[in-house]
Each structure stands twice: as C-alpha cells, then as structure tokens.
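Here is a walk through one protein model, taken from its surface charges to its ring pairs. Please keep the sequence and the structure in view while reading.

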Amino acid sequence: MSEKNEPSIWQGFKAFLMRGNVVDLAVAVVIGAAFTNIVNSVVKGVINPLVGAFGTQNLDSYSSCLKGPCKGAGDAATGVRILWGSVLGSTLQFVITAAVVYFLMVLPMARYLARVEARRKAREGTREAVEISELEVLKEIRDELVAQRGSNNGAR
C-alpha cells in the first residue's frame, strides 16, 4: 500500500485554528460580549429610569391581559398575558447596540474607505493627465519633425 502525504486531522484542525479569520472572530465575540454588558447597563441605568418617569422602571412589568382575569405574578399568575414590556426592553437594547455599532464603527470606517478611494482615484486621474500630456507633447514633436523633414526635402 502506498501512503499519501495528506495532513492528519489534527494538522488540519491546527491549520484551521491558526487562520486569521478564526482569531478575528474570537476577538469579535469577546468584544461583543463585553459590549453587551455596557448596553445592558445603559438600558437599565438610563433608559429604564427615563421610561420610569412615565410609568414603572421595570419594562418587564408592562403586559396586557389576553384572556381571563390576569392576577398575580410569576408562576402564580392566572390568565394569559402578553409581556410586551420585555419585548420593548429587548428592542431598545438592540436599537442602542445597532446605533453605537453604526455611528462608532461602520460610519467612520465607511468614511475612511471613501477617502482612501478618492485619493486613489485622484492619483489615477493625475497619472492619466500626465500620460495624456506626454502623449500630446510627443505628437507635437513628431509633427514638428515631419514638418522639418518636409521643408528640408522641398529645399533640395
């Protein structure tokens, strides 16, 4: 039997882990988890008290009774409740997270990339202008030489 020089499963797994993508993804997950704690603190410490000025500070307590007499809380609650307050709280956390990511990460990066692209296009435009002007100068030199040859041949 001939043995093929195929990498072992362990070597393939090691190569997978050492790729830059995996490390970048791991860093993004860790940063995302830390960022989630910050957003949760902002919602609990700032947003909920602002909402509490108009009602209760705990958004989870907002609910509507769908069926029956809704009495009690937790496992002892009766009736069918729609807990729209918790959905509102989660939605606020998502919107805050999305806004921070957009305004502090996506928008500045897009502006930076646009500036880099504009600089690249400006360099290409200048290079094109230089090439065009060189071409025009060479054409003028050619025409001048042809004109001189023509006048020299006519003088003979």
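Which residues form a positive surface patch? The patch is formed by R111, R115, R119, R123 and R127. Before going further, note that this is a predicted model, in which local features need pLDDT of at least 70, side-chain atom pairs count only at pLDDT 80 or more, and totals for chains, interfaces and linings use all residues. Residues are numbered from 1 along each chain as its sequence is written, and side-chain values use heavy atoms, with hydrogens and water left out.

A patch here is made of residues with over 30% relative accessible area and no salt bridge, like charges being joined within 9 Å and nonpolar side chains (Val, Leu, Ile, Met, Phe, Trp, Tyr) within 5 Å. The areas come from the Shrake-Rupley method with a 1.4 Å probe, and for residues only the protein chains shown count as cover. Lys and Arg count as positive and Asp and Glu as negative, while His and the chain ends are not counted. The place of a charge is NZ of Lys, CZ of Arg, CG of Asp or CD of Glu. One of the patch residues, R119, sits in helix 3, which covers residues 84–155. Helices are DSSP runs (H or I, at least four residues), as are strands (E, at least two), numbered from the N terminus.

Helix 3 also holds paired charges, among them E117 and R120. Side chains of opposite charge can pair when their charged atoms come close. The cut-off for a salt bridge is a side-chain nitrogen of Lys or Arg within 4 Å of a carboxyl oxygen of Asp or Glu, and the structure holds three of them. E117 bridges to R120 at 2.2 Å, N to O; the two are three residues apart in helix 3, about one helical turn. R120 also bridges to E124, with the closest N and O atoms 2.5 Å apart. E124 and R120 are four residues apart in helix 3, again about one helical turn. E117, R120 and E124 are thus linked in a network of salt bridges.

How accessible are these side chains, given that buried means under 20% relative accessible area, exposed over 50% and partly exposed in between (1.4 Å probe, protein chains only)? E117 is partly exposed at 32%, R120 is partly exposed at 32%, and E124 is partly exposed at 36%. A further salt bridge joins D143 and R142 at 3.1 Å, N to O. D143 is partly exposed at 42%, and R142 is partly exposed at 48%.

Helix 1 (residues 9–18) carries W10 and F13. A nonpolar surface patch of about 580 Å² is made by W10, F13, F16, L17 and M18. M18 is found in helix 1 and is exposed, with a relative accessible area of 64%.

Rings of Phe, Tyr and Trp (its six-membered ring) pair if their centres lie within 6.5 Å; planes under 30 degrees apart are stacked, over 60 edge-to-face and the rest tilted. How many aromatic pairs does this rule give? The count comes to two. W10 and F13 form a tilted pair, 6.1 Å centre to centre with 40° between the planes. They lie three residues apart in helix 1, about one turn of the helix. W10 is exposed at 61%, whereas F13 is partly exposed at 41%. Y102 and F103 have ring centres 5.1 Å apart and planes at 80°, so this pair is edge-to-face. Y102 is partly exposed at 38%, and F103 is exposed at 52%.
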